[in-house]
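Colleague: I've got this model open and I'd like to go through one part of it slowly. Could you pick a helix and walk me round it, then show me how a few other pieces fit in?

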Amino acid sequence: MSVDALRVDVAIVGGGLVGASLALALEPTGLRVALIEGVAPEAAVQPSFDDRTTALGNGTRRVFEALGVWSAIAPAAAPIRHIHVSDAGRYGFARLEAAEHGIDAFGYVVTNRVLGAALQQRLSALTALELRRPARCSAVTLGPDVVRLETTPTAPPLQARLVVAADGANSLVRSAAGLPAEIEDYQQVAVVAHVAAARAASGIAYERFTPDGPFAVLPLHNGHYGVVWTLTPQAAEHVMALPDAEYLAALQRAFGWRIGRLERVGQRSAYPLKLTRASVVTGSRVALIGNAAQALHPVAGQGFNLGLRDAATLAEVLAERCRQDAAVDVGSDAVLAEFAARRSSDRDGVTRLTDGLVKLFGDTRPGVPLLRDLGLLLFDLSPSAKQAMSRLSWGFSGQIPRLARGLPLPGVKSA
Ligand SMILES: Cc1cc2nc3c(=O)[nH]c(=O)nc-3n(C[C@H](O)[C@H](O)[C@H](O)COP(=O)(O)OP(=O)(O)OC[C@H]3O[C@@H](n4cnc5c(N)ncnc54)[C@H](O)[C@@H]3O)c2cc1C
């Protein structure tokens, strides 16, 4: 017996950081929206809301303010007011000061669990949202006018005009839509942990480049540090297995004494790093956002910020079209082409920047480290290069979405 499908305008597959944000952004548009997320928000294994820390740019803070979640995040957010970049074992370094660029901070460091909790709290309050969680999208059937989605555990299937893939780097929706993705394995693993040191964190983020990969030491609101240590897979396996005292000693050797003696470490987690990039971000009645569109190396902390701009832009395009024509087909080729065009330069720019940094600082060919030192010193002396870098906090290039500029969606009153 076939079960009647539940009809919606937009079905979002994946309620991680990016998919959950899109569901909130679409709420004031009046569109009928479904969100399907495979893992319960409080589950220890929730892949998006885990113990990682995320550096949020100023544009992201604006989006979160507009979505009504920033007030829940702010008390646990540590501002980055100074950035110190160095090349391990060499003399090249650069410093950036937020005050010199007329901004309070380059961004804010928050743990993913705090972000997840704030988003979930707001989502639970959306009465019109068809929220299926925990439920997995198990099959996607593309049709000319609608897309049919099966979800497990069994519930009525969904029929959507537009399906948004926010289901991460190994996106089921992307595969079902036949959209190819290039995958490049960096042969690096990020070992992530929270560390307490003799000197409490006070607004300085350290980015240090080593031949094995970059590592970041980020300030946390409780005075501790979020450490993202990128290593070769073999070295990461070794570091993951070390007792705490030996891990701290190894980290101290690699990072030095800038924050004093490293005293304690919390639980460590390991993330193999790949660049996964879909060749196009739209297909028939399908839009890709966040890691489903591009999953980047964490160097420079851009992946989520970029993914959130995907979500904010898609919400803006849909709101504009609905305002022009209440009966618009939100999954039509014209709507999707507009979304893809608006995302193109930001997406390409940030992807090239992060990939380029990983490769430049991993290059040990004769002469390259010296050129890098020179480059860093020149950067340190160039106010315009630093100004360009500080603008990354809003987006790389192209049209910055309204929500990231602190403006409401078209046709929607500000909160
Ligand atoms: C070590 C590390 C540090 C990072 N630091 C930063 C940083 O400082 N700043 C920054 O901007 N970015 C950072 N990033 C990147 C950032 O974590 C990602 O860009 C972000 O998590 C992407 O979110 P997402 O919602 O697109 O995807 P994901 O986080 O992968 O979420 C996908 C969601 O979809 C769900 N899902 C998958 N398949 C299905 C299905 N079939 N049905 C239902 N649900 C499904 C999953 O359960 C999950 O919740 C970092 C990444 C790493 C690895």
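Modeller: Here is a close look at one helix, followed by a strand and the ligand shell.

Keep in mind that this is a predicted model. Let's take H7, which covers residues 244–255. Start with its length: at 1.5 Å a residue, twelve residues should span 16 Å, and the end C-alpha atoms are indeed 16 Å apart, so the two agree.

Now, which residues of H7 are buried? They are Tyr247, Leu248, Leu251 and Phe255. These four cover an arc of only 95° around the axis, so they sit on the same side of H7. The spacing makes sense, because an α-helix has 3.6 residues a turn and residues three or four places apart point the same way. Turn to the face away from that buried side and you'll find Ala245, Glu246 and Arg253, which are exposed.

What covers the buried residues of H7? The cover includes strands E13 (204–210), E14 (213–219), E15 (225–231) and E16 (262–265), along with helix H6 (233–241). Just after H7 comes Gly256, with a positive phi of about 95°.

For a contrast, look at strand E3, residues 53–57, where five of five residues are buried. Side chains in a regular strand alternate between the two faces of the sheet. In E3 both faces are covered: Thr53, Ala55 and Gly57 are buried on one side, Thr54 and Leu56 on the other. E3 runs antiparallel to strand E7 (residues 107–111), and five bridges join them; one of the pairs is Thr53 with Thr111.

E3 also takes us to the ligand, since E3, H1 (17–26), E9 (136–142), E12 (181–197) and H8 each supply at least two residues of the shell around the ligand. That shell has 35 residues, and the closest are Gly14, Gly16, Gly168, Gly290 and Gly303. By class, the shell has 16 nonpolar, 15 polar and four charged residues. H8 gives the most, with four residues.

While you're at H8 (residues 303–324), find Glu316. Is Glu316 buried or exposed? Glu316 has 25 C-beta neighbours inside 10 Å, and 20 or more is the cut-off, so Glu316 counts as buried. Leaving aside residues up to four places away in sequence, Glu316 touches Pro401, Arg402, Leu403 and Leu409. As for Ile400, Glu316 is 84 residues from it in sequence, yet their C-alpha atoms are 11 Å apart in space.

Key
Residues numbered from 1 in each chain as written. Predicted model: local features only at pLDDT ≥ 70, side-chain atom pairs only at ≥ 80, totals over all residues. Buried ≥ 20, exposed ≤ 12 C-beta atoms within 10 Å, placed from the backbone. Contact = placed C-beta atoms within 7 Å. Expected span 1.5 Å × (residues − 1). Arc of directions from axis to C-beta. Pairing = 2+ DSSP bridges. Near = placed C-beta within 6 Å. Nonpolar A, V, L, I, M, F, W, Y, C, P; charged D, E, K, R; others polar.
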